[in-house]
Amino acid sequence: MTNTPTIVRPAPSPPARRGGRWIDHWEPEDETFWQRTGRFVARRNLVFSIFAENVAFSVWTLWSISSALLVAHYGFGFSAAQMFFLVAVPNLVGAVLRIPYTFAVPRFGGRNWTVVSGLLLLVPTILLAVAVGNPGTPYWAFLLIAATAGFGGGNFASSMTNISFFYPDRSKGLALGLNAAGGNIGVAMIQLGLPLIVGAGGLFGLVGASAAGVDLARAGWVWAALGVVAAACAWFFMDNLSVSLATFREQISVVRHRHTWIVSWLYIGTFGSFIGYSSAFPLLIQLQFPEVPAANYAFLGALIGSVARPFGGWLADRVGGA
């Protein structure tokens with residue numbers, strides 16, 4: 001009788017574990033895992049995601065106030081149309097950048113991309129600080145600098161994509177609402193805080209223009225520093241999730257779903273109106289009512305819209321997104 005040789009196959013090797021701040025095991029739908037580990041980690045990532053997104057939104061809408069100050073306090077002879085272009089260009093660039101920023105998280109990891117996107121905020125802020133110090137800076141240069149502020153707009157897409165992986169489906173709405181609100185409040189903060197920082201005036205006239213005059217460059221340096229802090233916080237306190245990784249082909253399949261296009265169309269009217277009106281309103285006040293400090297009122301719409309976001313997310317968790 002001939003003995004058949006036994007073929008011994010090697011046991012499959014375990015999946016490679018990533019070093020650094022990568023988390024390979026993540027099951028937020030498992031209630032035991034969520035209560036023991038997941039909730040704390042998710043909350044920590046949410047907190048620092050909100051901070052990074054807040055800084056990004058502030059930089060994105062930096063020109064909603066800066067454009068008016070260039071004419072009112074720096075003597076640049078820009079027309080109303082030119083100033084509105086300075087406000088509109090960052091919105092356009094930020095909207096376009098949301099597409100690659102969305103794909104960046106499944107490619108590089110949420111924590112890693114938050115670090116990169118935070119450091120990219122140094123470009124528009126430092127360029128602003130340098131440009132306003134030179135009275136000979138041409139309009140086209142300001143237009144290009146304003147365009148780089150669109151980096152801050154792209155952050156929203158990557159931030160929301162990242163946080164969505166951390167939370168279970170039953171509480172995604174509230175978590176994403178908080179994340180969005182924290183970022184959107186950055187619009188109100190820049191419109192309320194920038195005039196105070198640069199010495200252009202204060203809330204409801206409580207603080208007047210500083211004796212040293214308006215220093216718009218100061219705002220550039222302040223938010224550049226905040227961008228560095230946001231990147232550092234992401235580096236030290238946030239995590240990457242292996243479950244978030246996906247190929248471009250896997251992600252792009254979303255365009256085949258009808259709901260993607262329906263929600264996108266609705267978003268034009270909702271968030272599109274929010275960011276459009278929020279950006280243009282300070283300049284509109286400055287042009288129509290030059291005797292009224294724009295900081296007194298311009299931030300109110302952005303503030304109310306931001307605060308409403310968590311309620312919308314909480315409601316979607318309970319009655320369904322549709």
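**Group meeting: a walk through the helices, the pocket and the cavity**

Okay, let's start with the overall numbers: of the 322 residues of the protein, 45% count as buried. Keep in mind that this is a predicted model. In terms of secondary structure, we have 12 helices and two strands. If you read along the sequence, the pattern goes β-α-α-α-α-α-α-α-α-α-β-α-α-α.

Now, the pocket. How much space lies in the largest pocket? About 2,000 Å³. There are 43 residues lining the largest pocket, and the closest to its centre are Phe 156, Thr 260, Val 263, Ser 264 and Tyr 267. So which helices do the lining? At least two residues each come from α3, α7 (150-166), α8 (172-198), α10 (248-252), α11 (258-288) and α12 (299-319). If you want one helix to look at, take α11, which gives the largest share of that lining with 13 residues. As for chemistry, the lining of the largest pocket breaks down into 24 nonpolar, 15 polar and four charged residues.

Next, the closed space. The structure holds one cavity of 30 Å³ or more. The elements giving two or more residues to the lining of the largest cavity are α1 (31-60), α4 (110-120) and α7. The volume of the largest cavity is about 90 Å³. Its lining includes Ser 49, Ala 52 and Glu 53, then Val 105, Gly 110, Trp 113, Thr 114 and Ser 117, and also Asn 155, Ser 158, Ser 159 and Asn 162. What classes of residue line the largest cavity? Three nonpolar, eight polar and one charged. You may have noticed that α7 has come up twice now: α7 supplies at least two residues to the lining of the largest pocket, and α7 also gives two or more residues to the lining of the largest cavity.

Let's move to the outside. There's a nonpolar patch on the surface, formed by Leu 174, Leu 178, Phe 311, Trp 314, Leu 315 and Val 319, and together they have about 540 Å² of accessible area. Two elements, α8 and α12, give two or more residues to the nonpolar patch. Of these, α12 gives the most, with four residues. Let me pick out one member, Leu 178, which lies in helix α8. Leu 178 counts as partly exposed because its relative accessibility is 36%, and partly exposed covers the range between 20% and 50%.

Two more residues before I stop. The first one I'd like you to find is Pro 100, in helix α3, which spans residues 80-108. Is Pro 100 buried or partly exposed? With 42% relative accessibility, Pro 100 counts as partly exposed. Pro 100 and Ala 157 are 57 residues apart in sequence, and their C-alpha atoms are 8.9 Å apart in space.

The other one is Ala 219, in helix α9, residues 216-237. Here the relative accessibility is 0%, so Ala 219 counts as buried, given that buried means under 20%. Ala 219 also has a partner from elsewhere in the chain: Ile 126 is 93 residues apart from Ala 219 along the chain, with 9.5 Å separating the two C-alpha atoms.

That's my tour. If you have the structure open, try colouring α11, with its 13 residues in the lining of the largest pocket, and then α12, with its four residues in the nonpolar patch.

Terms used
Residues numbered from 1 in each chain as written. Predicted model: local features only at pLDDT ≥ 70, side-chain atom pairs only at ≥ 80, totals over all residues. Heavy atoms only, no water. Buried < 20%, exposed > 50% of the residue type's maximum accessible area, 1.4 Å probe, protein only. 1 Å grid on protein atoms, 1.4 Å probe; cavity = no way out; pocket = protein on both sides within 12 Å on 5 of 7 lines; lining within 4 Å. Points joined across faces, edges and corners; volume = space filled by probe spheres on them. Nonpolar A, V, L, I, M, F, W, Y, C, P; charged D, E, K, R; others polar. Patch = residues over 30% accessible without salt bridge, like charges linked within 9 Å, V, L, I, M, F, W, Y side chains within 5 Å. Areas by Shrake-Rupley, 256 points an atom, 1.4 Å probe, with all protein chains shown as cover. Salt bridge = Lys/Arg side-chain N within 4 Å of Asp/Glu carboxyl O.
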